[in-house]
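This report describes the helices, the main pocket and the nonpolar core of a predicted model.

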Amino acid sequence: HAALISLSFGGAIGLMFLMLGCALPIYNQYWPLFVLFFYILSPIPYCIARRLVDDTDAMSSACKELAIFLTTGIVVSAFGLPVVFARAHLIEWGACALVLTGNTVIFATILGFFLVFGSNDDFSWQQW
């Protein structure tokens, strides 16, 4: 139960940094909310790969590597988008720093979820 509570706390802290980067009166721009799409998309390739392959298949490593490659592209895009927004003067650099901090916390939380609940035990996300 402690892992679930700490993951919830991490997600809340990450979203708080994202909201601070958007809603503080000094910044007041909501362009960084587009990184929410990356938060939703990032676990999808790996979840699909875990469902499709079993460990005895020879193609399993290629499928998992492709999923990790796609996930890496999504994560890098989530970190690049606020920088592009800041360089285009759509958001301030302080807001960019807050969003990048939130990205770090959120993606660490997503990684923690897969490390905690990714094993093949009775209480696993694979049952969904």
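Helices (H or I, at least four residues) and strands (E, at least two) are DSSP runs numbered from the N terminus. Residues are numbered from 1 along each chain as its sequence is written. In this predicted model local features need pLDDT of at least 70 and side-chain atom pairs count only at pLDDT 80 or more, while totals for chains, interfaces and linings use all residues, and side-chain values use heavy atoms, without hydrogens and water.

At least two residues of the lining of the largest pocket come from each of helix H3 (44–52), helix H4 (60–87) and helix H5 (93–117). That pocket holds about 340 Å³ of space. Tyr46, Thr71, Ile110, Leu111 and Phe114 are the closest to its centre among 15 lining residues. A pocket is an open set of points on a 1 Å grid where a 1.4 Å probe fits, with protein on both sides within 12 Å along at least five of seven lines; lining residues have an atom within 4 Å of a point.

Two spans that the unreviewed UniProt entry annotates as "transmembrane region" are compared below.

| Residues | End C-alpha distance | Helix | Strand |
|---|---|---|---|
| 33–53 | 34 Å | 76% | 0% |
| 65–85 | 30 Å | 100% | 0% |

H5 has 25 residues and reaches 36 Å from its first C-alpha to its last. Its buried residues (under 20% relative accessible area, 1.4 Å probe, protein chains only) include Ala95, Gly102, Asn103 and Phe114.

How values were computed. UniProt positions renumbered as here; feature names shortened; annotations may be inferred. Points joined across faces, edges and corners; volume = space filled by probe spheres on them. Expected span 1.5 Å × (residues − 1). Buried < 20%, exposed > 50% of the residue type's maximum accessible area, 1.4 Å probe, protein only.
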